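Me: I have a protein open here and have not looked at it before. Can you walk me through it?

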Amino acid sequence: MKLASGYETFSKTVHENYPDQLGSEGNLGWAMELCSVVDTTSSDRFVKPSARGWKSSLHPKLFPNRSTKLGALALTYKGLMNVKTPFDLALYTRLIWELQPRTILELGSLQGGSGLWFADHMSVLCEDSGEVHSFDLNNKCIHENAKHPLLTFHQVDLADVANFDEKLLMRLPHPWLVIDDAHVQIFSIFSHLDRFLISGDYYVIEDNPLNADKEIIDGLQLVEQSGFLIDTYYTDAFGSNLTCAPNAWLRKS
């Protein structure tokens, strides 16, 4: 796993060159403890949705007070709105590096800030440049500065999955990272796009799982039946389900 490679190299280097610095009294002991925590090959990393509870360490979008909430959600990227929590931005950076996606599909464009963020990070973190495709009905909201050679915006009414260009979806290279931030026909879209997903692709459902109502719980049963597992390396990175996509960082088996 790309994520753990830096920790594994550090641990090996310390053991080979500075064994006297190990342990609680050594100058590198604290760093070695980090290496033991970051285990991306843990057998319990991927779990079925039915095996997970909905308890969260902290609601990522309802911080202790209104002023903090505004600070977290009033984030911008290159001057454009990018309405994601700091936790999730850090997690996406980590996932793009680990997954090395060739295609990122964003459902919900808003002003184009998040699409631009994904395109920039793909160009920096991925060894092979891919494509970012962002879909939204209200494309006039997209700012003129939301431009990138890897980024394409599509005007699509997501209320009807028939509006997707299937020829486009069929030609896009894998691995895929799909981010649903549109909040429209969530599981209808999931079922439609699942036809094009392959093993190892990721699907993240933002915001709606925070409610954990019957629709979401039933929908995640569909997700499980479709062969997806929750990647707890992302849902629990900062605390149990401390993300705007609790139980919804999903990897196709």
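Reply: What follows goes from the overall make-up to the sheet, then to some helices and single residues. Keep in mind that this is a predicted model.

Me: How many helices and strands are there in the protein?

Reply: The protein has 9 helices and 10 strands. Of its 253 residues, 49% are buried.

Me: And the contacts, what share join residues at least 24 apart?

Reply: Taking contacts between residues at least 6 apart in sequence, 74% join residues at least 24 apart.

Me: Ok, the sheet. What order do the strands have?

Reply: The order is E1-E9-E10-E8-E7-E4-E5-E6, in an open sheet of 8 strands with mixed pairing.

Me: Which strands stand at the edges?

Reply: E1 and E6 (151–155) do. Each has a single partner strand, so one side of each is left without a neighbour in the sheet.

Me: What about E4 and E7, parallel or antiparallel?

Reply: Parallel: strand E4 (residues 103–107) and strand E7 (residues 176–180) are joined by 5 bridges. Within that pair, Leu-107 is opposite Asp-180 of E7.

Me: Which strands does helix H4 touch?

Reply: Helix H4 (residues 86–99) packs on the sheet and touches E4, E7, E8 (202–205) and E10. The direction of H4 makes about 160 degrees with that of E7.

Me: And H5, what does that one touch?

Reply: Helix H5 (residues 113–125) also packs on the sheet, touching E4, E5 (131–136), E6 and E7. Relative to E4, the direction of H5 is at about 170 degrees.

Me: Back to the E1 end. How many bridges join E1 to E9?

Reply: There are 2 bridges between strand E1 (residues 46–47) and strand E9 (residues 228–231), and the two run antiparallel. Val-47 has Ile-230 as its bridge partner in E9.

Me: E9 must have another neighbour in that order. What is the sense of its pairing with E10?

Reply: Antiparallel again, over 3 bridges between E9 and strand E10 (residues 249–252). Leu-229 is opposite Arg-251 of E10.

Me: I clicked on Asp-231. Where is it, and is it buried or exposed?

Reply: Asp-231 sits in strand E9. It counts as buried because its relative accessibility is 0%, and the cut-off for buried is under 20%.

Me: What does the side chain of Asp-231 make a polar contact with?

Reply: With the side chain of Tyr-202, at 2.6 Å. Setting aside neighbours within four places in sequence, Asp-231 is in contact with Arg-45, Phe-46, Tyr-202 and Trp-249.

Me: New topic: H7 and H8. At what angle do they pack?

Reply: Helix H7 (residues 186–194) and helix H8 (residues 214–225) pack at about 10 degrees, and their axes are 10 Å apart. That angle makes H7 roughly parallel to H8.

Me: Which residues make the contact?

Reply: From H7 they are Ile-186, Phe-187, Phe-190 and Ser-191. H8 brings Glu-215, Ile-216, Gly-219, Leu-220, Leu-222 and Val-223. By class, the contact of H7 with H8 has 7 nonpolar, 2 polar and 1 charged residues.

Me: How many residues of H7 are buried?

Reply: H7 is mostly covered, with 7 of its 9 residues buried. Among them are Phe-187, Ile-189, His-192 and Asp-194.

Me: What about Ala-159, where does it lie?

Reply: Ala-159 is in the loop between E6 and helix H6 (166–171). With a relative accessibility of 44%, Ala-159 counts as partly exposed. Apart from neighbours within four places in sequence, Ala-159 contacts Val-184 and Gln-185. Ala-159 and Gln-185 are 26 residues apart in sequence, with C-alpha atoms 6.0 Å apart in space.

Me: Now the backbone. Which residues does a cis peptide bond join?

Reply: His-174 and Pro-175, with omega about 5 degrees. Pro-175 is in the loop between H6 and E7.

Me: What is phi at Leu-110 and at Asp-207?

Reply: Leu-110 has a positive phi of about 55 degrees although it is not a glycine. For Asp-207, also not a glycine, phi is positive at about 70 degrees.

Me: Where are those two, Leu-110 and Asp-207?

Reply: Leu-110 is in the loop between E4 and H5, and is partly exposed at 45% relative accessible area. Asp-207 is in the loop between E8 and H8, and counts as buried at 15% relative accessibility.

How values were computed:
Residues are numbered from 1 along each chain as its sequence is written. This is a predicted model: local features need pLDDT of at least 70, side-chain atom pairs count only at pLDDT 80 or more; totals for chains, interfaces and linings use all residues. Side-chain values use heavy atoms; hydrogens and water are left out. Axes are lines fitted to C-alpha atoms, for helices over the stretch in contact, and angles run from 0 to 180 degrees between N-to-C directions. Helices (H or I, at least four residues) and strands (E, at least two) are DSSP runs, numbered from the N terminus. Angles under 35 degrees count as roughly parallel, over 145 as roughly antiparallel, 65 to 115 as roughly perpendicular and the rest as oblique. Contact means heavy atoms within 4.5 Å. Ala, Val, Leu, Ile, Met, Phe, Trp, Tyr, Cys and Pro count as nonpolar, Asp, Glu, Lys and Arg as charged, and the others, Gly among them, as polar. Two strands pair if DSSP finds at least two bridges between them. Buried means under 20% relative accessible area, exposed over 50%, partly exposed in between (1.4 Å probe, protein chains only). A polar contact is a pair of N or O atoms within 3.5 Å; within protein, one must be able to donate a hydrogen and the other to accept it, and residues adjacent in sequence count only if both atoms are side-chain atoms.
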